[in-house]
Amino acid sequence: YEEVPDFSKPAQVFKQNWEREVKELDKTNEFLRPTKEIVEDIKRFNAGKQIAEIISSDSPEALKNAQIIDVLKQLSLSKPLIVTDQNLQKLGHLDLILNILEKNKISYGLFSDVVEDPTDACVDEGLHVFKSAEYDCIIGIGGGSPMDTAKAISFMSVNAGHVRDYKAPKQIDLCGPPVILIPTTGGTGSELTRWCVITDTTNTEKYNLSGLACVATAALIDWT
């Protein structure tokens, strides 16, 4: 790079530097690939069983447009359960999604009691909410905790027993209802992995869960 970004500079200056560097990398075609190619790779990985769709945007207003509606229509879905946590709700991020759904007259439910490092009890609570109405999909919005919880609610709605019965190395391949993930952080990568992590409140154990059922059906990503 021509210069090391100075984090003391205003955010806008840093953003301009970053955009310039990304453009230079894209020109070399050594590190970045077109989004279309990445989408095709993910579709092949899912072997046609699920639709993995990445929608990126250069605008911080990405969540305010009709992308979530487009995805719901593509998947023929009409009644999502929103899974998130209290912090995101207080910050107002959740309102962006809810306003879009309400504007398009899409009925939805809300489970906003996800805890940090989600527990089996948290999954059970979310599962109870999911089964309380005829929801046809789950939208997980937030960091790793809400996204992992959304995945677990989905596959536990069609797999019997307790979530601990499915900890790795067991593979969970019986998929539940579609899961659409909207990450608000760039830390866990849960929106694109076949893993989720749940904490057991009885055995004081944190375990990995893995399989096709842990792969999101679609991910809406805004890198800004």
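Buried means under 20% relative accessible area. I start with that cut-off because S112, at 10% relative accessibility, counts as buried by it. The model I am reading is predicted.

**Entry 1. S112**

I looked up where S112 sits. S112 is in the loop between β3 and α6. Next I listed its contacts, leaving aside neighbours within four places in sequence. They are T84, D85, Q86 and Q89. One of these contacts has a polar side. The side chains of S112 and Q89 are joined by a polar contact of 3.2 Å.

**Entry 2. T84**

T84 was on the S112 list, and I followed it up. T84 lies in the loop between β2 and α4 (86–91). Is T84 buried or exposed? T84 counts as buried, because its relative accessibility is 0% and the cut-off is under 20%. I then checked the side chain for polar partners. A polar atom of the T84 side chain lies 3.0 Å from the backbone oxygen of I141. Not counting residues up to four places away in sequence, T84 touches L94, L110, F111, S112, D113, V114, I141 and P146.

**Entry 3. I138**

I moved to strand β4 (residues 137–142), which holds I138. At 0% relative accessibility, I138 counts as buried. Which residues does I138 contact, leaving aside neighbours within four places in sequence? I noted L81, V83, F130, A150, I153, S154, P178, V179 and I180. I also took one C-alpha distance. I138 and L110 are 28 residues apart along the chain, and their C-alpha atoms are separated by 9.7 Å.

**Entry 4. Whole chain**

I stepped back for the totals. The protein has seven helices and eight strands. Of its 224 residues, 44% are buried. I then looked at contacts with a separation of 6 or more. Residues 24 or more positions apart account for 71% of them.

**Entry 5. Nonpolar cores**

I looked up the largest nonpolar core. It has 28 residues, and V83, F155 and L209 touch the most other members. Two or more residues come from each of β2, α6 (120–131), α7, β5, β6 (195–200) and β7 (205–210). Which element gives the most to this core? It is α7, with six residues. Another core lies apart from it. That one has 20 residues, among them V71, I141, I182 and L220. I141 is also the residue whose backbone oxygen lies 3.0 Å from the T84 side chain.

I went back to F155 for its contacts. Not counting residues up to four places away in sequence, F155 touches V163, I172, L174, G176, C196, L209, A213 and C214.

**Entry 6. Cysteines**

Two cysteines on the F155 list, C196 and C214, sent me to the sulfurs. How many disulfides does the structure hold? The count is zero. C175 is in no disulfide, and its nearest cysteine sulfur, that of C214, is 8.8 Å away. C175 counts as partly exposed, at 29% relative accessibility.

Why is C196 not bonded to C214? The C196 sulfur is 4.2 Å from that of C214, its closest cysteine sulfur, and that is too far for a bond because a disulfide needs the sulfurs within 2.5 Å. C196 itself is buried, with a relative accessible area of 1%.

**Entry 7. Backbone oddities**

I scanned the backbone next. Most residues other than glycine have a negative phi, and most peptide bonds are trans. I wrote down three exceptions.

- S76 has a positive phi, near 55°, and is not a glycine. S76 is in the loop between α3 (67–74) and β2 (80–83). S76 is exposed, at a relative accessible area of 63%.
- K105 is not a glycine either, and its phi is positive at about 55°. K105 lies in the loop between α5 (93–103) and β3 (109–111). K105 counts as exposed, at 76% relative accessibility.
- The peptide bond from A168 to P169 is cis, with omega near 15°. P169 is in the loop between α7 (144–156) and β5 (179–183).

**Entry 8. Rings**

Last, I checked the aromatic rings. The structure holds one aromatic pair. I also looked for a charge over a ring. The charged end of K79 sits over the ring of Y135, 5.5 Å from the ring centre.

Note on methods. Residues are numbered from 1 along each chain as its sequence is written. This is a predicted model: local features need pLDDT of at least 70, side-chain atom pairs count only at pLDDT 80 or more; totals for chains, interfaces and linings use all residues. Side-chain values use heavy atoms; hydrogens and water are left out. Rings of Phe, Tyr and Trp (its six-membered ring) pair if their centres lie within 6.5 Å; planes under 30 degrees apart count as stacked, over 60 as edge-to-face and the rest as tilted. A charge sits over a ring if NZ of Lys or CZ of Arg is within 6 Å of the ring centre and within 35 degrees of the ring normal. Helices (H or I, at least four residues) and strands (E, at least two) are DSSP runs, numbered from the N terminus. Buried means under 20% relative accessible area, exposed over 50%, partly exposed in between (1.4 Å probe, protein chains only). A nonpolar core is a set of buried Ala, Val, Leu, Ile, Met, Phe, Trp, Tyr and Cys residues joined through side-chain atoms within 4.5 Å. Contact means heavy atoms within 4.5 Å. A polar contact is a pair of N or O atoms within 3.5 Å; within protein, one must be able to donate a hydrogen and the other to accept it, and residues adjacent in sequence count only if both atoms are side-chain atoms.
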